[in-house]
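Me: I should like to learn how to read the features of a structure that is new to me. May we go through it together?

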Amino acid sequence: MDIPTLKELHPDHWQKACAIRALAMDAVQAANSGHPGMPMGMADVATVLFEKHLKFDAADPHWPDRDRFILSAGHGSMLLYALLHLTGYEDMTLDQIKNFRQWGSITAGHPEYGHATGIETTTGPLGQGLANSVGFAIAEEALRARFGKKVVDHYTYVIAGDGCLMEGISHEAIGLAGMQKLGKLIVLWDDNNISIDGEVSLSDITDQQKRFQAAGWQVLSCDGHDPEDIDAALTKAKSSKKPTMIACKTHIGFGAPNKQDTKGAHGSPLGPDEIAATREAYGWMHGPFEVPADVKSAWEAIGSRGAEARAEWSERYEALSANRQVEFNRVMAGETPKKLPGVIRALKRRISEEQPKVATRKSSEMVLEVVNPVMPETIGGSADLTGSNNTLTTDLGIFDQTNRKGRYIHYGIREHGMAAAMNGMVLHGGIKPYGGTFMTFTDYARGAMRLSSLMGVAPVYVMTHDSIGLGEDGPTHQPVEHLAMLRATPNLNVFRPADTVETAEAWELALSTTKTPSVLSLTRQGLPTVRTEHKMKNLTAFGAYVLAEAEGKRQAILMATGSEVEIALKARDLLQAEGIGTRVVSMPCWELFEEQEETYRRKVLPAGPVRVAIEAAMRFGWDRWLFGERGKREKSGFIGMHGFGASAPIADLYREFGITAEAAAEKAKALIGGDWAPDPRT
């Protein structure tokens, strides 16, 4: 539908949509940076969605049963910001629109979760919002099954662009959503045929509609500039038992005389002359950032339209029993149950007494066996490695279209899609997801894991087979650089526990935090219990602690994580036998150790003794603890990996790569050098 016809047949709609377009043009121009074309092209679709379909109340943006709206095409952020401002979200003022992309504003270049109400997830890396939406829809299904349709019954709407659909993560996401038959997920594809380089045909010939159909979706299409056609497609989408993709044929930079349907409207300001000409084409003869009072009032009426539905929902919520209300509020707030610390302590006591030798992936399963029954909000899963990751416990049941009360998801070989879906579940609220794969495949999941940290949401990543200790599968599967990569990520807790006790403590911390995601780096090989004396206190919460103290004068400190703590303890025995007082420090979480007071860190790592770090990974990052924190470069050494691994049995690998107790002991003695002498008391 062209502009004259739109103006004639739908004058009220046209004015509301023009307000979005004008604000987008003006904000991008004022910032001299941004993407005006997408908001201009999708303004009609967004107007129909918000006016006639989206269930929300701008006065209560955290209403649990609101529909979720995700702008996966995050470069078009001014579409979302304009909608939030126009509908009356209190924090999205006109000044914030005017300060688009400026320091201190909530209107970042791409939507960022937590900056403003109404932003459901951080988008910008293309495809992430689409993949998040699968998690949102899974959470809605799971919570509806648990608490009932009267309090959980809403849709997830997504606007995605050509770039979102080209990204590989989209394939993972749509395949998972189609298999799960997530009927309350509706994706609106901005089919404008333009990317930054030019026409999409320069790089892609995929028939996206057939692609979605092949993945089990209902596929519809509409004229993205015809309000009635858009409305009809959305109405039909809501009656489907499958997820729906609506192909909305649009013009990028709609109405810009010289830049419509070109890459010139995509990623840069239109320029004063083009904006003036576009205003004239629209009949929008208002100044920059000016929205007529009647148009703003009409938008605010849309923003308050959901107040009645929210009030009715509140009545249904109040009809729940007191206990059900408390439980609903608890899980939506992300609070752990009061029983959690007790079941963790009981498991720790039992393990310290029984002292089993098990792989920490098995330790993790043992923890989940006691945690999952007291935390009904957990939803576990694995990227086709359930038996290897040990992520399924007997009480969960499988989540699929036949059993929405199931709490375990078979994600298939979709590491990235799994991680992004877990982000979506956390962002939706009410779910504590965890998912597993091999540590080396954090490479595949990395984009979504980084966004967990950036957004400050807390899924749990169960990453097993975490070193050369996995053995014969060889260097393709043996992570050596991955711990360093993960530890370099801000706001990410990386736990590498040494035994079942530390694993239990790590799980308690990972489940209790709401602002920081966690990685559990777990072994394939069996490890002895090193925490043989039960402690009520969670020692892993300190990040590092003294596991074994020196006998006699302290001359060496051995620092280790995970599977190498066992090696450190054996090296200590060798050194102590020669009269060299040696302390062993277990360092299951560097990030938490960094947060401790200086006085505590000084007690754990005092000045004086030589230091040797032992870890079956690359050295990168260890220098902070070796010759920072009162250490000295000339008195520090590292036992670990200096390149990729190899295919061989585990014992051969550790021996050939020199990660042994004997090597660690010799390194310590060499560092002590001429200063070393046997302790006369031994």
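Me: Which residue in S14 does valine 494 stand opposite?

Reply: Please note at the outset that this is a predicted model. In general, the strands of a sheet pair through backbone hydrogen bonds, in either a parallel or an antiparallel sense. Here, valine 494 stands opposite valine 519 in S14. Strand S14 covers residues 518-521, and its pairing with S13 is parallel, over three bridges.

Me: What is the order of the strands in the open sheet?

Reply: The six strands run in the order S10-S9-S11-S12-S14-S13, with parallel pairing. Strand S10 (408-410) and strand S13 (493-495) are the edge strands, each pairing on one side only. From one strand to the next, the twist averages 20 degrees.

Me: Why are the buried residues of H10 on the same side of the helix?

Reply: An α-helix has 3.6 residues a turn, so residues three or four places apart point the same way. In helix H10 (residues 227-237), the buried residues are Pro227, Ile230, Ala233, Leu234 and Ala237. They lie on the same side of H10 because they cover an arc of only 130 degrees around the axis. At the start of H10, a side-chain oxygen of aspartate 226 comes within 3.1 Å of the backbone nitrogen of glutamate 228.

Me: Which residues have the most contacts inside the largest nonpolar core?

Reply: Nonpolar side chains tend to be buried together in soluble globular proteins. The largest nonpolar core has 138 residues, and Met78 and Ile246 have the most contacts inside it. Helix H2 (residues 11-31) gives the most to this core, with twelve residues. Among the residues that isoleucine 246 touches are Ala233, Leu234 and Ala237.

How values were computed:
Residues numbered from 1 in each chain as written. Predicted model: local features only at pLDDT ≥ 70, side-chain atom pairs only at ≥ 80, totals over all residues. Heavy atoms only, no water. Core = buried A, V, L, I, M, F, W, Y, C linked by side-chain atoms within 4.5 Å. Buried < 20%, exposed > 50% of the residue type's maximum accessible area, 1.4 Å probe, protein only. Helix = DSSP H or I, 4+ residues; strand = E, 2+ residues; numbered from the N terminus. Contact = heavy atoms within 4.5 Å. Arc of directions from axis to C-beta. Polar contact = N/O pair within 3.5 Å; in protein donor to acceptor, adjacent residues only side chain to side chain. Pairing = 2+ DSSP bridges. Axes fitted to C-alpha atoms, helices over the stretch in contact; angles between N-to-C directions.
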